[in-house]
Amino acid sequence: MTAPSVESVVRTITQERIGRYAEASGDHNPIHVDEAFAQATPFGGTIAHGMLVLAAISEMMTAAFGAAWLSGGRLRIRFRAPARPGDTVTASAQAQSAREDGAFRYAVECQNQAGEVLISGTAEVVAGD
Amino acid sequence: MAAPARVLLTELPKGHEFPAIDLQVTQDEIAAYADAVGDDNEIYASVGLAPPLAIAARALGALLELMELPAGTLHTGQELTCRAAVPIGARLRLTGRIAQRSERAGLIVSGIELAITIEGDDAPAIFAKSTIMSPTKGSALPS
């Protein structure tokens, strides 16, 4: 069985978006929201929450599989590099062979505008009828 | 009543279990999350089901009320397994534990496992594992 194609999702990261995510998630780690603190770190400025960037992958899978993703999706990823305010992040999925149990498997990643991989990993889902 | 003192993540041993936390993620909270991440899929509203990462993020946020992250802590990995969809507004119970703890080269790697169960269900709807890397005292994360 061939895995259906999954449309990419493009998202712009802004400090304002990071701030809204901090409020929504309850994660106010200063590396994300405190510019003065973040400038003194090796990152030299604020970075987006990894889960904010990862949300683009889940959004992409939700758009492709709907409730099947919400009830039976599986993600396994590594955060490779941070996304910063001003970055444009593209989430994409490359179909891999279907598993014997019928689950579709994808290699997923997020890249920034420079082609740097920010997130890489796999997503699996058993498609509904 | 005063909020309980938070413990430092890096001081928690492998096997530590957090007290269970009751959660309810409302429609307004899901809307705020979707707005923040820019997810305009209509399915959340049309079928009343929450984005699983919204639930996981909220669960992590709830744990952050119980523990403190050392400055310089980074989220380095994430696993998420959905066994059932979570209806928006459902009453949830979060349990969590330190499943992994290792230390090397001035860094502590912690694996935090979360299980989120819908009230009335026997089995968790969502399993998640977050891998967190923190500097030990007096060290800094590599640039």
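This note walks through a sheet shared by two chains, the helices lying across it, and one exposed loop residue.

1. Basis. This is a predicted model, in which local features need pLDDT of at least 70, side-chain atom pairs count only at pLDDT 80 or more, and totals for chains, interfaces and linings use all residues. Residues are numbered from 1 along each chain as its sequence is written, while chains are lettered from A and ligands numbered from 1 in the order in which they are written.

2. The sheet. Ten strands (DSSP E runs of at least two residues) make an open sheet with antiparallel pairing. The order is 1(A)-3(A)-4(A)-5(A)-2(A)-4(B)-7(B)-6(B)-5(B)-2(B). Strands pair if DSSP finds at least two bridges between them. The edges are strand 1 (9-12) of chain A and strand 2 (21-24) of chain B; each has a single partner strand, so one side of each lacks a neighbour in the sheet. The twist averages 20° from one strand to the next.

3. One pair up close. Strand 4 (residues 74-82) and strand 7 (residues 126-135) of chain B run antiparallel, joined by eight bridges. B:L80 faces B:A128 in strand 7.

4. Helices. Helices are DSSP H or I runs of at least four residues. Helix 3 (residues 52-63) of chain B lies across strands of chain B, including strand 7, to which it runs at about 50°. Helix 4 (residues 50-65) of chain A lies across strands of chain A together with strand 4 of chain B. Its angle to strand 5 of chain A is about 35°. Angles run from 0 to 180 degrees between N-to-C directions, using axes fitted to C-alpha atoms, for helices over the stretch in contact (C-beta atoms, placed from the backbone, within 7 Å).

5. A residue to check. B:A105 sits in the loop between strand 5 (91-104) and strand 6 (107-118) of chain B. Its phi is positive, about 50°, although B:A105 is not a glycine. B:A105 counts as exposed because it has 7 C-beta neighbours inside 10 Å; exposed means 12 or fewer, buried 20 or more, and partly exposed in between, with C-beta atoms placed from the backbone.
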